[in-house]
Amino acid sequence: MKVSIIMGSKSDWDVMSAACETLESFGVEYEKKVISAHRTPQFFMEYMAGARERGVGIVIAGAGGAAHLPGMAAALTTLPVIGVPIKSKALSGLDSLLSIVQMPSGIPVATMAIDGAKNAALYAVAMLAINDEALATKLAIFREKQAEKVLNTEL
Ligand code: RP5
């Protein structure tokens with residue numbers, strides 16, 4: 001099962017690349033694509049319609065501003081969608097956050113923090129680890145190392 005990482009523009013890549021790097025560090029397969037809910041609506045619908053057939057199990061969608069990509073992705077598939085609000089120039093990402101988090105009842109998007117691409121990947125890993133013992137072990141080791149780093153912090 002792979003993760004689909006989509007984003008509304010190449011300008012989102014600086015943030016969204018962290019999701020790819022994180023999945024790579026866990027050995028999780030993914031596909032990545034720039035798709036816009038507004039600029040390429042027809043292609044977006046086709047892409048989402050074929051997601052399950054391509055072996056996608058989870059979608060991570062990053063978008064800024066009006067940020068309709070995660071919500072529309074969730075409307076177009078029953079796969080779980082994780083939304084990443086991208087920090088926008090005009091409103092510092094508050095627009096993206098509110099747009100992505102305020103989904104209508106019935107079509108959920110698991111919304112991360114502004115620019116929270118790494119956590120989106122970690123959340124996807126946690127979901128995949130439910131049925132994958134080896135991945136669950138990798139996640140536990142990641143947490144242990146993270147804790148160690150904090151505890152070894154010298155001031
Ligand atoms: C959104 O508009 C994208 O997700 C991006 O965050 C924002 C700006 O896009 P560009 O004008 O940089 O292409 O659709």
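User: In which helix is L98 found?

Analyst: This is a predicted model. Within the model, L98 belongs to helix α4, which covers residues 94–101.

User: Is L98 buried, partly exposed or exposed?

Analyst: The relative accessible area of L98 is 46%, so the residue is classed as partly exposed.

User: Which residues make the nonpolar surface patch?

Analyst: L98 contributes to the patch together with L91, L94 and V101. The patch amounts to about 360 Å².

User: Turning to the sheet, how should one read the pairing of strands, and what is the strand order here?

Analyst: As a general idea, strands of a sheet pair through backbone hydrogen bonds, in either a parallel or an antiparallel arrangement. In this structure, five strands form an open sheet in the order β2-β1-β3-β4-β5, and the pairing is parallel. The edge strands are β2 and β5 (110–111), each of which pairs on one side only.

User: How many bridges join β1 to β3?

Analyst: Strand β1 (residues 2–7) and β3 run parallel and are joined by six bridges. One point at which to check the register is K2, which stands opposite V56 in β3.

User: How many bridges join β3 to β4?

Analyst: Six bridges connect β3 with strand β4 (residues 81–86), again in the parallel sense. Here A61 has G83 of β4 as its bridge partner. Continuing across the sheet, G83 also stands opposite T111 in β5. The pairing of β4 with β5 is parallel and comprises two bridges.

User: Is strand β3 mostly covered or mostly uncovered?

Analyst: A general point helps in reading a strand: when it is regular, its side chains alternate between the two faces of the sheet. For β3 (residues 56–64), eight of the nine residues are buried, and the strand is mostly covered.

User: Where is E31 placed, and is E31 buried or exposed?

Analyst: E31 lies in strand β2, which spans residues 30–34. This residue counts as buried because its relative accessible area of 13% is under the 20% cut-off.

User: With which side chains does the side chain of E31 make polar contacts?

Analyst: One polar contact is with the side chain of Y47, at 2.5 Å. Another is with the side chain of R54, at 2.9 Å.

User: Which residues does E31 touch, leaving aside those up to four places away in sequence?

Analyst: With that exclusion, E31 touches K2, V3, S4, I5, Y47, R54 and V56. Among them, K2 and V56 have already appeared as residues opposite each other in the pairing of β1 with β3.

Note on methods: Residues are numbered from 1 along each chain as its sequence is written. This is a predicted model: local features need pLDDT of at least 70, side-chain atom pairs count only at pLDDT 80 or more; totals for chains, interfaces and linings use all residues. Side-chain values use heavy atoms; hydrogens and water are left out. Helices (H or I, at least four residues) and strands (E, at least two) are DSSP runs, numbered from the N terminus. Buried means under 20% relative accessible area, exposed over 50%, partly exposed in between (1.4 Å probe, protein chains only). A polar contact is a pair of N or O atoms within 3.5 Å; within protein, one must be able to donate a hydrogen and the other to accept it, and residues adjacent in sequence count only if both atoms are side-chain atoms. Contact means heavy atoms within 4.5 Å. Patches are made of residues with over 30% relative accessible area and no salt bridge: like charges are joined within 9 Å, nonpolar side chains (Val, Leu, Ile, Met, Phe, Trp, Tyr) within 5 Å. Accessible areas come from the Shrake-Rupley method with a 1.4 Å probe; for residues, only the protein chains shown count as cover. A salt bridge is a side-chain nitrogen of Lys or Arg within 4 Å of a carboxyl oxygen of Asp or Glu. Two strands pair if DSSP finds at least two bridges between them.
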